[in-house]
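Okay, thanks everyone. I'd like to talk about empty space today, so let's get the structure up on the screen.

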Amino acid sequence: MGIELTVQYMVSVFSRQSYFNIDPNATQASGNCGSQVSNLLLNFQGGFVNLTFTKDENSYYISEVGAYLTVSNPEKIYQGMKSAVMFETEVGHSFKCVSEQSVQLSAHLQLKTMNVQLQAFDFEDDHFGNVDECSSDYTIVLPVIGAIVLSLCAVGLIVYGIRLRRESSGYQRI
């Protein structure tokens, strides 16, 4: 999964944003696995991201996201947490979302994820289960498919119109 933390701060009267991409090669993952609640803690230089997964009877989801980030120049600490049902999927399945998802953790800290595939419970042989994709991935694909279908229909109508003109011009059959 790709993770980016966005910090919003004020410089005189202007609002500025800084972006911090979390390098997966410089991140240590740890956590604990329970039967109903599991945690994934991602530690990186300058902070961490914590994801709490909760399992219900037929589904599981991220119930809490927290982040802590220390920024230098000027030295400042940003932290935030959000409790909500996020990335919900069926038990035994994995959740996959290619498109960017944003979670506002505090007034000044936002977490963005992209290319996510998660499964917190009921693994089989260290492989992901069946994939449940997020709805925002379909909202990208559907307009593209619609535009292609409309384009093909327009080309078909133009060809049909040209053929009608050719048949009506010149000599007519008796």
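So, how much space lies in the largest pocket? About 210 Å³, and bear in mind that this is a predicted model. Going round its wall, you meet Met1, Gly2, Ile3, Ile22, Pro24, Thr27, Ala29, Leu40, Leu42, Gln117 and Leu118. Strands β1 (2-11), β4 (37-44) and β11 (116-118) each give two or more residues to that lining. By class we have eight nonpolar residues, three polar and no charged.

Next up, the second largest pocket, with a volume of about 170 Å³. Its lining includes Asn32, Cys33, Leu40, Phe53, Gln117, Leu118, Phe123 and Phe128. Here the elements giving two or more residues are β4 and β11, and β4 has the largest share, with three residues. The split is seven nonpolar, five polar and, again, no charged.

What about closed space? Searching the whole structure turns up one cavity of 30 Å³ or more, and the largest cavity holds about 90 Å³. Among the residues lining that cavity are Met1, Ile3, Leu51, Val65, Phe87 and Leu118. At least two lining residues come from each of β6 (59-71), β7 (76-90), β9 (101-104) and β10 (109-114). Ten are nonpolar, two are polar and none is charged.

One last residue: is Asn50, in strand β5 (residues 47-55), buried or exposed? Buried, because its relative accessibility is 18%, and the cut-off is under 20%. Beyond its sequence neighbours within four places, Asn50 contacts Asn39, Leu40, Leu41, Glu64, Val65 and Gly66.

Terms used: Residues numbered from 1 in each chain as written. Predicted model: local features only at pLDDT ≥ 70, side-chain atom pairs only at ≥ 80, totals over all residues. Heavy atoms only, no water. Buried < 20%, exposed > 50% of the residue type's maximum accessible area, 1.4 Å probe, protein only. Contact = heavy atoms within 4.5 Å. 1 Å grid on protein atoms, 1.4 Å probe; cavity = no way out; pocket = protein on both sides within 12 Å on 5 of 7 lines; lining within 4 Å. Points joined across faces, edges and corners; volume = space filled by probe spheres on them. Helix = DSSP H or I, 4+ residues; strand = E, 2+ residues; numbered from the N terminus. Nonpolar A, V, L, I, M, F, W, Y, C, P; charged D, E, K, R; others polar.
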